[in-house]
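Open the structure in your viewer and switch on the side chains. The stops below concern aromatic rings.

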Amino acid sequence: DRPNSEFESSGGTFSFRKRMKDGLELDFIGSGFASEAELPGPIYSSSNIDYQDSYNYLLSPGLSLKEDNWSIDAHYSYAVDWIDSFSGGIWGTYQTVGKSIQHQAELIYRRKLFDSLKWKSGFTHLSQKFSMSEDAEIDALRDSQSIWGELGWMPIEPLEINAGVRLENHS
């Protein structure tokens with residue numbers, strides 16, 4: 001053991017699902033994690049100020065509608081990742097602080113056309129903001145959207161043939 005080499009971590013996940021009535025379900029999923037690490041620094045120059053702390057969490061509500069031949073699923077997710085680290089040595093000190101925030105929404109439609117033929121389509125939107133400070137500041141935003149469709153044919157079980165198309169936009 002080296003001085004200042006402690007580590008602490010905690011996290012958890014939960015899931016909730018509620019059937020409101022036949023064919024309608026609500027769900028909610030969450031997850032979180034945090035860690036703190038006191039780092040001993042380089043062997044040639046141990047330090048009691050080096051550290052790395054991080055946390056992340058995800059919250060995601062959803063809705064599902066189902067009937068005999070079709071279903072619609074809608075989900076939203078909000079996620080945050082954060083890190084703060086500090087290191088010192090003969091080169092000086094160095095600190096990094098970074099944070100990422102994501103929003104994602106997804107809508108999926110499924111339809112059974114015949115016993116051997118089914119259709120699935122959807123839309124997804126993702127927005128991600130990332131910022132970090134080190135020697136230089138970084139502040140970036142990324143957005144993407146996609147729309148897609150897929151046709152599935154099962155001529156004999158277990159053989160299934162799928163054909164699909166996807167259109168994406170990134171900015």
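This tour of a predicted model goes from one ring pair to another and ends at a cluster.

Begin with a count: 4 aromatic pairs are present in the structure. Select Phe14 and Phe28, one of these pairs. The two ring centres are 5.5 Å apart, and the planes meet at 35°, so the pair counts as tilted, since tilted covers plane angles that are neither under 30 degrees nor over 60.

Next, colour the strands that carry these two residues. Phe14 belongs to strand S1, residues 7–21, and Phe28 to strand S2, residues 24–38. The pair therefore ties together parts that lie 14 residues apart in sequence. Now show the surface. Phe14 is partly exposed at a relative accessible area of 39%; Phe28 is partly exposed too, at 30%.

Move on to Tyr57 and Tyr78. Their ring centres are 6.2 Å apart with the planes at 50°, so this pair is also tilted. Which strands hold the two tyrosines? Tyr57 is in strand S3, residues 51–66, while Tyr78 is in strand S4, residues 70–89. With their positions 21 residues apart in the chain, the pair links distant parts of it.

Are these tyrosines buried or exposed? Each falls in between: Tyr57 is partly exposed, with a relative accessible area of 32%, and Tyr78 is partly exposed at 22%. The value for Tyr78 can be set against the cut-off for buried, which is under 20%.

For the last stop, keep Tyr57 and Tyr78 selected and add Tyr55 and Trp82. Ring pairs join these four residues into a cluster.

Conventions:
Residues numbered from 1 in each chain as written. Predicted model: local features only at pLDDT ≥ 70, side-chain atom pairs only at ≥ 80, totals over all residues. Heavy atoms only, no water. Phe/Tyr/Trp six-rings, centres within 6.5 Å; stacked < 30°, edge-to-face > 60°. Helix = DSSP H or I, 4+ residues; strand = E, 2+ residues; numbered from the N terminus. Buried < 20%, exposed > 50% of the residue type's maximum accessible area, 1.4 Å probe, protein only.
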